[in-house]
Amino acid sequence: QNTLADAAAELNRYNSRKLVIADGATAALTIGGTFRTNDVEAFTRVVRQILGVHVVYRGNNIVISQNRVGG
């Protein structure tokens, strides 16, 4: 398992669309698995489903933040 920050850094090495982790708590979340380095959209779909995070597309950046339901 890797942290979300580690996975994002690795994917960012290979893509023009960059994953941006919004905060330290989100960056520390862990995820396991094998992902294609050229398919950032598939990665974001998986982390949204598995970790329950928010994914927002802003230009060439994809911002990932924790779901703060209830406050």
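1. Starting with the hairpin: strand β4 (residues 54-58) and strand β5 (residues 61-65) run antiparallel and are joined by five bridges. Strands here are DSSP E runs of at least two residues, helices are H or I runs of at least four, and both are numbered from the N terminus; two strands pair if DSSP finds at least two bridges between them. R58 has N61 in β5 as its bridge partner, and V56 is matched with V63. Two residues sit between the strands, and G59 takes a positive phi near 60°.

2. A word on provenance: this is a predicted model, so to speak of local features takes pLDDT of at least 70 and side-chain atom pairs count only at pLDDT 80 or more, while totals for chains, interfaces and linings use all residues. Residues are numbered from 1 along each chain as its sequence is written, and side-chain values use heavy atoms, with hydrogens and water left out.

3. The hairpin belongs to an open sheet of three strands, ordered β2-β5-β4, with mixed pairing. β2 (18-21) and β4 are the edge strands, each pairing on one side only. On average, neighbouring strands are turned by 25° against each other, direction ignored.

4. Next, the helices. α1 (residues 4-12) and α3 (residues 40-51) have axes that come within 12 Å and cross at roughly 170°. Axes are lines fitted to C-alpha atoms, for helices over the stretch in contact, with angles from 0 to 180 degrees between N-to-C directions. The two are therefore roughly antiparallel (over 145 degrees).

5. What meets what between these helices? L4, A7 and L11 in α1 meet F43, V47 and L51 in α3, contact being heavy atoms within 4.5 Å. That contact is made by six nonpolar residues, with no polar and no charged ones (Ala, Val, Leu, Ile, Met, Phe, Trp, Tyr, Cys and Pro count as nonpolar, Asp, Glu, Lys and Arg as charged, the others, Gly among them, as polar). α1 also lies across β2 and β5, at about 160° to β2.

6. As for pockets, the lining of the largest one includes D6, A7, E10, L11, G32, G33 and F43. α1 gives the most to this lining, with four residues. Overall the lining divides into five nonpolar, five polar and two charged residues.

Key:
Angles under 35 degrees count as roughly parallel, over 145 as roughly antiparallel, 65 to 115 as roughly perpendicular and the rest as oblique. On a 1 Å grid over the protein atoms alone, a cavity is a set of points where a 1.4 Å probe fits but cannot get out, and a pocket is an open set with protein on both sides within 12 Å along at least five of seven lines; lining residues have an atom within 4 Å of a point.
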